[in-house]
Amino acid sequence: MFLGLLSIGMLALSAGPWLMQASAGVANTVVPVIYVRTVTSGGVPIAGAAVSLTGDAKGFELSDAAGNVLFNNTLAGGTYLVAATSQLYDFTPENYEVLN
């Protein structure tokens with residue numbers, strides 16, 4: 001097994017993420033999201049990692065070719081646990097708690 005890194009962020013910056021997007025005909029609505037990036041210890045993206053979201057919202061996605069996953073079904077004020085798994089990589093940390 002190889003070492004993989006799991007990072008959670010505000011569009012790759014920090015925990016407590018938010019995204020500006022148009023929603024229900026209202027431009028620039030603030031919608032809370034959780035952005036996940038799976039990379040090797042050398043920073044190379046890990047595609048196809050299974051990333052799960054549990055807590056106040058639930059989800060499951062495979063990371064894309066750039067190692068990215070975006071969960072946009074989260075709520076402001078929610079508490080979430082994000083974890084990633086792969087047949088080739090052991091992720092450190094194993095999971096993240098995100099307080100939105």
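From the N terminus on, the elements of this protein run β-β-β-β-β-β-β-β-β-β. That gives 10 strands and 0 helices, in a model that is predicted. The protein has 100 residues, and 35% of them are buried. Let's walk through the sheet, the core and a few residues worth finding on your screen.

**The protein as a whole**
- Take the contacts in the protein with a separation of 6 or more: residues 24 or more positions apart account for 51% of them.
- The protein exposes about 5,500 Å². Carbon and sulfur atoms supply 59% of that area.

**An open sheet of 4 strands**
- Look for an open sheet of 4 strands, arranged in the order 6-5-8-10 with antiparallel pairing.
- Strand 6 (59-62) and strand 10 (95-99) are the edge strands, so each pairs on one side only.
- On average, neighbouring strands of this sheet are turned by 20° against each other, with direction ignored.
- As background, strands of a sheet pair through backbone hydrogen bonds, either parallel or antiparallel.

**Strand 5 and its two neighbours**
- What lies between strand 5 and strand 6 in their hairpin? There are 3 residues between these two strands.
- Strand 5 and strand 6 run antiparallel and are joined by 4 bridges. One place to see the pairing is S52, whose bridge partner in strand 6 is F60.
- With strand 8 (residues 79-85), strand 5 (residues 50-55) shares 6 bridges, and these two strands also run antiparallel.

**A closer look at G55**
- G55 lies in strand 5 and stands opposite Y80 in strand 8.
- How far apart are G55 and Y80 in sequence and in space? They are 25 residues apart in sequence, while their C-alpha atoms are 4.4 Å apart in space.
- Once the neighbours within four places in sequence are left aside, G55 is in contact with T79 and Y80.
- Is G55 buried, exposed or partly exposed? Its relative accessible area is 38%, so G55 counts as partly exposed; the partly exposed class lies between the cut-offs of 20% and 50%.

**The largest nonpolar core**
- A useful general idea is that in soluble globular proteins, nonpolar side chains tend to be buried together.
- Here the largest nonpolar core has 15 residues, and those touching the most other members are I34, V36, V51, L53, F71 and V82.
- At least two residues of this core come from each of strand 4 (34-40), strand 5, strand 7 (68-71), strand 8 and strand 9.
- Which strand gives the most to this core? Strand 8 does, with 3 residues.

**R37 and A66**
- R37 lies in strand 4. With a relative accessibility of 27%, R37 counts as partly exposed, because that value falls between 20% and 50%.
- R37 and A66 are 29 residues apart in sequence, but 8.0 Å apart in space from C-alpha to C-alpha.
- The side chain of R37 has a polar atom that lies 3.2 Å from the backbone oxygen of A66.

**A cis peptide bond**
- Most peptide bonds are trans.
- Between T92 and P93, however, the peptide bond is cis, with omega at about -5°.
- Where is P93 found? P93 is in the loop between strand 9 (89-92) and strand 10.

Conventions:
Residues are numbered from 1 along each chain as its sequence is written. This is a predicted model: local features need pLDDT of at least 70, side-chain atom pairs count only at pLDDT 80 or more; totals for chains, interfaces and linings use all residues. Side-chain values use heavy atoms; hydrogens and water are left out. Axes are lines fitted to C-alpha atoms, for helices over the stretch in contact, and angles run from 0 to 180 degrees between N-to-C directions. A nonpolar core is a set of buried Ala, Val, Leu, Ile, Met, Phe, Trp, Tyr and Cys residues joined through side-chain atoms within 4.5 Å. Buried means under 20% relative accessible area, exposed over 50%, partly exposed in between (1.4 Å probe, protein chains only). A polar contact is a pair of N or O atoms within 3.5 Å; within protein, one must be able to donate a hydrogen and the other to accept it, and residues adjacent in sequence count only if both atoms are side-chain atoms. Contact means heavy atoms within 4.5 Å. Accessible areas come from the Shrake-Rupley method with a 1.4 Å probe; for residues, only the protein chains shown count as cover.
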